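These are my notebook entries on one chain, written down in the order in which I looked things up. I began with a turn between two strands and worked outwards from there.

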Amino acid sequence: MHSHVATPRTLLAARQRVFAQSLSAEGVSAQGMEAVPAPILRSWQRCADLGLDFGARPRVEPLSQRELREAWERNDALRRRCRPEIEALHADAQATGSLVILTDADGLVLDTLGNPAFAGKAAQVALRPGVPWNEAATGTNAIGTALIERRAVEVRGPEHYFEPHRILSCAAMPILGLRGETLGALDLSGPAARLQTHALGMIRLAVDAIEHRLFEAVGPGREVLRLHADPALLGTPREGVLVFEGGRLVGANRAALGLLGLDWDALDRTDFARLFPEVDRRQPGAIRLRDGEGRSLHARLHEEAGRTSPSGTRRAAARPAAIPAAPDAPVLDAATERLLARAVRLVDAGIPVVVEGETGTGKEVFSRAAHARCARAGAPFVAVNCAALPESLIEAELFGYEPGAFTGAARHGARGLLRQADGGLLFLDEIGDMPLGLQSRLLRVLQEREVQPVGGGRLVPVDFALICATHRDLARLVQEGAFRADLYYRIAPYRVALPPLRERGDREAVVRALWAQLGGAARGIALAPACEAALAAADWPGNFRQLVGTLRALLALADPCETVDLDALPEGVARKIPRAAAPAVAPAAATPAAAPPPTGRLDGIAREAMRAALDASGGNVSEAARRLGISRSTLYRRCLS
């Protein structure tokens with residue numbers, strides 16, 4: 001973060017001086033450079049090293065609509081998690097003529113929301129969904145620079161590398177996961193002519209809230225320690241949070257690391273006893289701790305649901321159980337079960353496997369099942385989405401790096417994902433999207449079974465089983481020159497093709513199994529036979545992922561012990577239902593048979609009856625639904641949506 005007040009004229013003079021001297025060491029230290037914040041200078045240097053022409057218009061190729069939909073699907077969890085903060089910032093963006101922007105981990109713009117007039121101007125410089133805003137593509141900008149610097153960054157007017165971007169004033173911050181991995185970035189961009197003094201502070205607060213919610217569901221068997229020097233801030237997004245599994249530190253947020261003087265490398269390398277030696281026993285509840293400098297900290301330890309307490313009794317959840325985001329186990333037919341058995345034998349023999357299938361067919365679920373059944377079951381399963389890793393950092397993420405290997409590198413370096421998979425199974429998802437330059441390095445690792453971190457250092461032996469997955473035709477990519485033939489022959493001696501859901505002959509059994517895994521039966525909620533049949537008959541172009549999402553929505557809208565009927569189905573699924581099976585209009589909306597009103601009026605009468613029932617029930621949706629003889633979800637869909 002930087003809080004400078006340099007004038008545009010001062011910045012322009014600095015730009016001209018820096019670029020004229022080719023960003024040499026003398027230029028950076030020249031008189032007047034104090035007007036340019038250090039993160040901006042570093043970014044200018046990186047852009048110059050890439051050979052970007054600051055006077056030109058950046059050449060960016062927006063995604064096609066199909067590619068953008070795939071990007072949305074890949075980042076569905078991130079988009080849902082950020083939606084409350086994006087909508088909260090929307091009003092301010094409208095008032096200040098700005099846009100709220102969400103990107104993925106590589107700076108690809110996923111969503112924009114805000115002032116329509118400024119949105120049109122922003123689109124002229126390609127600030128719109130489907131366009132990459134990493135530094136390599138669009139030079140110095142808040143999104144790309146924040147992702148590389150891994151901190152909140154503000155870029156105003158002439159601080160942008162490319163001249164056309166001088167119309168923008170932007171503030172952005174990366175969104176980090178529980179283990180420090182980059183999930184995306186949140187940005188507030190507006191016209192450079194309007195000074196937005198609070199933009200960066202608002203973005204920081206929003207990202208803090210997003211990251212804080214990540215700790216609401218860390219998985220059973222883990223302990224969550226919340227701490228702060230000020231007890232009034234416990235339970236707020238400003239508190240520090242640490243996650244322990246078996247006493248070992250496995251997750252954290254930036255606030256906690258800052259309080260304890262740690263960095264992300266402490267994960268998996270330290271434990272509760274070493275961090276807090278003065279605490280004899282980890283008992284749930286309030287704890288008094290001290291940080292590394294001996295200052296007092298207030299803390300509270302929570303045990304996640306499903307953990308057995310020291311007394312041996314199972315602790316109840318503090319809140320109603322959430323609906324799982326995905327099923328616990330794959331739903332396999334006989335043919336897929338045979339494929340899984342073959343994959344396990346190949347993995348045990350040290351032979352790589354490529355799993356192919358459309359988006360949402362369960363390639364990762366299949367691979368996790370293979371890992372659970374193979375000889376390496378107790379060792380790590382490390383999943384890497386090759387399409388989601390930032391291209392500028394993908395080598396460092398995969399191979400690790402030495403201390404000081406690049407700007408923003410962790411003080412002690414990093415092991416990298418390939419070394420984290422040592423002894424276990426490495427799952428490379430979307431392998432077809434791996435950059436060509438990186439493919440050669442991966443091939444060498446697979447041949448030599450050694451990893452060399454970025455920045456040099458000694459070669460480190462690695463031993464892992466390999467499963468790759470793709471929704472693309474790798475053989476065709478090889479023919480087109482987009483994928484190395486030698487790597488293809490190394491990773492694909494055996495290919496497993498998962499069928500799309502629409503080709504499964506046991507779709508009703510699949511629906512029932514997923515419903516049970518998501519907790520429908522446990523909550524006493526049943527699917528009516530007609531509803532079950534309609535779900536099984538739908539096309540599901542998004543395959544299992546789309547079906548699971550629909551089932552989760554039905555569960556969220558249903559009351560305990562309710563039967564979910566046809567009228568609760570989303571419109572896209574409901575269209576597949578034969579007219580004879582369609583639910584009748586609610587009794588309260590019926591009219592005399594002698595004078596049936598037009599179809600349009602029927603819907604209006606039904607809505608009026610539903611609103612009247614809601615008024616009579618004091619706004620109690622469940623009571624109103626019972627009075628009308630319809631399900632609660634129907635009332636939501638017809639009257640409250």
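Entry 1, a hairpin. The model is a predicted one, and I started at the hairpin of S7 and S8, where two residues lie between the strands and Gly246 takes a positive phi near 60 degrees. I then followed the pairing on either side of S7. With strand S8 (residues 248-252), S7 pairs in the antiparallel sense over four bridges, and within that pairing I found Gly251 of S8 as the bridge partner of Val243. With strand S6 (residues 222-228), S7 is again antiparallel, over six bridges, and there Glu223 stands opposite Phe244 of S7. I also looked up how covered strand S7 (residues 240-245) is, and noted that five of its six residues are buried.

Entry 2, the five-stranded sheet. I next traced an open sheet of five strands, which has the order S2-S1-S5-S4-S3 with antiparallel pairing. Its edge strands are S2 and strand S3 (153-156), each of which pairs on one side only. Direction ignored, neighbouring strands of this sheet are turned by 20 degrees against each other on average. Looking at one pair in detail, I found nine bridges that join strand S4 (residues 168-176) to strand S5 (residues 182-191), the two running antiparallel, and in S5 the bridge partner of Ser169 is Gly190. Helix H5 packs on the sheet, where it touches strand S1 (99-104), S2, S4 and S5, and its direction makes about 30 degrees with that of S2.

Entry 3, salt bridges. Which residue forms a salt bridge with Asp111? I found Arg79 there, with the closest N and O atoms 2.8 Å apart. Since Asp111 lies in strand S2 (residues 109-114) and Arg79 in helix H5 (residues 76-95), the pair ties together parts that are 32 residues apart in sequence. Asp111 counts as buried because its relative accessibility is 12%, under the 20% cut-off.

I then turned to Glu73 and Arg545, whose side chains meet in a salt bridge at 2.8 Å, N to O. This pair links distant parts of the chain, as Glu73 is in helix H4 (residues 65-74) and Arg545 is in helix H21 (residues 543-557), 472 residues apart. Are these two buried or exposed? Neither label applies, because Glu73, at 27% relative accessibility, counts as partly exposed, and Arg545, at 45%, counts as partly exposed too.

A further salt bridge joins the side chains of Arg156 and Glu154 at 3.4 Å, N to O, and here I noted that both residues are buried. I also recorded a network of salt bridges that links Arg42, Arg46, Glu135 and Glu149. For the model, the count comes to 27 salt bridges.

Entry 4, helix H9. Last, I checked the length of helix H9 (residues 199-213) against what its 15 residues should give: at 1.5 Å a residue the expected span is 21 Å, and the end C-alpha atoms are 22 Å apart, so the two agree. I closed with its buried residues, which are Ala199, Leu200, Ile203, Ala206, Val207, Ala209, Ile210, Glu211 and His212.

Technical notes. Residues numbered from 1 in each chain as written. Predicted model: local features only at pLDDT ≥ 70, side-chain atom pairs only at ≥ 80, totals over all residues. Heavy atoms only, no water. Expected span 1.5 Å × (residues − 1). Buried < 20%, exposed > 50% of the residue type's maximum accessible area, 1.4 Å probe, protein only. Salt bridge = Lys/Arg side-chain N within 4 Å of Asp/Glu carboxyl O. Pairing = 2+ DSSP bridges. Axes fitted to C-alpha atoms, helices over the stretch in contact; angles between N-to-C directions. Contact = heavy atoms within 4.5 Å.
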